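Let's walk through a protein model together, moving from charged pairs to rings, a metal site and a hollow space. Keep the structure in view as you read.

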Amino acid sequence: VTTSLTQLRIDRERLLSRLDALGEIGAIDGGGVCRLALTQIDGEGRDLVVSWMHDLGLRVEVDGVGNVVGTWPADRFDAPVMTGSHIDTVATGGRFDGNLGVLAGLEVLETVIRAGVETARPLAVAFFTNEEGARFAPDMLGSLVFAGGLPLEVALDTVAIDGAVLAEELDRVGYVGTLPCPARPPRAFVELHIEQGPILEAEGVTIGVVTGVQGISWHELVFSGQSNHAGTTPIDMRHDAALVAALTVVAVRRLTETTPGLVGTVGRIDLHPDLVNVVAARASITVDLRHADDDVLTEAERTILEQVGEMAAAEGVTFESSRLARFEPVTFDPAVVGLVEQVAVEHGHTARRLASGAGHDAQILARVCPAAMIFTPSVRGISHNPAEYTEPEDLEAGANVLLDVMLRLAGAGGDQSRGGDGS
Ligand SMILES: [Zn+2]
């Protein structure tokens with residue numbers, strides 16, 4: 001890509017006005033949005049984004065689970081450099097989560113089209129069905145089907161929390177498409193998203209270079225001791241399940257303090273019989289551990305279970321553990337991650353590598369093509385909340401990094417394999 005191409009910049013006002021217009025569909029008090037996947041409101045949001053895609057002359061295609069892909073040039077069928085995200089929200093969502101990635105992608109394509117730039121590879125912007133998982137489980141459902149991680153028939157039979165069947169809702173909003181899924185993998189995938197956490201703002205950094213998505217481990221631990229009188233039972237004769245539960249809370253925190261990058265949470269504690277004057281006979285707790293490195297996460301799980309075993313034995317309490325969930329970490333493509341960092345620095349921005357604490361469509365696309373993400377700061381780290389906000393200059397910076405990264409991935413100049421499969 002020539003120097004002049006890397007000097008192309010997006011139109012901030014155009015991006016902001018599209019974010020505002022989409023944010024009006026399903027708007028709720030406090031500036032937020034409620035656009036649950038495949039509701040009529042989501043259908044209206046889809047129609048608006050698709051109308052913008054048509055206005056730009058993109059080839060707009062819909063697959064069997066309602067994922068929408070807009071491609072430029074419209075007559076190019078070889079594997080594109082793709083960006084995108086989702087436009088469904090949680091019930092009390094903000095205007096930026098997901099929507100930014102789709103509308104910044106649209107802005108990137110409009111900038112390229114208006115400049116008359118030809119790239120060696122086509123460019124595409126997509127939005128994926130039901131990323132949030134707030135109405136249908138699992139989350140990231142559309143991108144999973146797109147990448148071949150979930151059979152289409154299974155996805156279509158999914159029943160929503162309100163009892164609706166996905167296939168019927170898809171049909172009702174008019175988004176049953178013919179593009180096959182799993183889809184042919186893109187050449188590469190880069191997603192711009194708000195951080196949804198406080199790190200970038202706290203460190204005064206403009207661009208988050210996302211290295212991957214951290215792995216998640218959920219366990220339930222059940223401690224069994226002996227209930228007894230709180231006044232008459234000597235301390236050294238107790239088998240107190242609540243004590244071991246409490247020690248586990250502390251052990252989890254201590255482990256995070258000695259393991260860089262580890263986060264750990266005991267979010268639930270249930271005591272039985274749960275009475276003021278009775279030593280607890282049973283305690284049931286959950287342990288949520290997350291880390292970007294699977295080996296570190298596995299070691300953290302082992303360490304906690306070992307420590308719990310020792311603490312339980314010392315108190316004469318038995319325990320059982322069961323695994324509730326385990327997702328391996330996703331590592332993004334080092335070359336694309338490096339490119340994001342390089343472009344951010346060339347644009348004069350502060351940049352920082354970090355792993356995503358939340359799940360995103362890009363982690364699913366990473367199964368089938370080189371993928372990476374760009375984060376922009378979230379004010380006070382707030383997300384999944386109407387108060388979610390990102391400063392306009394940060395939105396602009398993120399969209400420009402996305403533009404430049406996509407241009408470099410797509411390469412300069414027209415490809416001669418127009419219309420061929422080229423990949
Ligand atoms: Zn999102």
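Arg12 has a relative accessible area of 28%, so this residue is partly exposed; the scale used here calls a residue buried under 20% relative accessible area, exposed over 50% and partly exposed in between, with a 1.4 Å probe and protein chains only. Glu13, at 53% relative accessibility, counts as exposed. The side chains of Arg12 and Glu13 meet in a salt bridge, 4.0 Å from N to O. That term stands for a side-chain nitrogen of Lys or Arg within 4 Å of a carboxyl oxygen of Asp or Glu.

A word on the ground rules: this is a predicted model, in which local features need pLDDT of at least 70 and side-chain atom pairs count only at pLDDT 80 or more, while totals for chains, interfaces and linings use all residues. Residues are numbered from 1 along each chain as its sequence is written, and side-chain values use heavy atoms, with hydrogens and water left out.

**Salt bridges**

By the rule above, the count comes to 29 salt bridges. Three of them are set out here.

| Pair | Closest N to O |
|---|---|
| Glu13 and Arg12 | 4.0 Å |
| Arg268 and Glu220 | 3.1 Å |
| Arg290 and Asp288 | 3.0 Å |

Arg290 and Asp288 are both buried. Salt bridges with shared partners also join Arg14, Arg18, Glu107, Glu110 and Arg114 into one network.

Now look back at Arg268 and Glu220, whose side chains meet in a salt bridge. This pair links distant parts of the chain, 48 residues apart: Arg268 sits in the loop between strand 10 (263–265) and strand 11 (269–272), and Glu220 in strand 9. Strands (E, at least two residues) and helices (H or I, at least four) are DSSP runs, numbered from the N terminus. Arg268 is partly exposed at 36%, and Glu220 is partly exposed at 21%.

**Aromatic rings**

Rings of Phe, Tyr and Trp (its six-membered ring) pair if their centres lie within 6.5 Å; planes under 30 degrees apart count as stacked, over 60 as edge-to-face and the rest as tilted. The count comes to four aromatic pairs. Phe96 and Tyr389 have ring centres 6.0 Å apart and planes at 85°, so their pair is edge-to-face. These two residues are 293 apart in the chain. Phe96 is buried, with a relative accessible area of 9%, whereas Tyr389 is partly exposed at 36%. Phe223 and Phe319 form a tilted pair, with 6.0 Å from centre to centre and 35° between the planes. Elsewhere, ring pairs link Phe128, Phe146 and Phe189 into a cluster.

**The zinc ion**

Which residues hold the protein donors of the zinc ion? They are His86 (NE2), Asp97 (OD) and His193 (NE2), lying 2.0 to 2.2 Å from the ion. Donors are N, O and S atoms within 2.8 Å of the metal (3.2 Å for Na, K and Ca); water is not among the atoms, so sites may look incomplete. Both His86 and Asp97 are buried.

**A hollow space**

A cavity is a set of points on a 1 Å grid, over the protein atoms alone, where a 1.4 Å probe fits but cannot get out; lining residues have an atom within 4 Å of a point. There is one cavity of 30 Å³ or more. The largest cavity holds about 50 Å³ of space, a volume being the space filled by probe spheres set on the points. Helix 10 gives the largest share of its lining, three residues.

Key. On a 1 Å grid over the protein atoms alone, a cavity is a set of points where a 1.4 Å probe fits but cannot get out, and a pocket is an open set with protein on both sides within 12 Å along at least five of seven lines; lining residues have an atom within 4 Å of a point.
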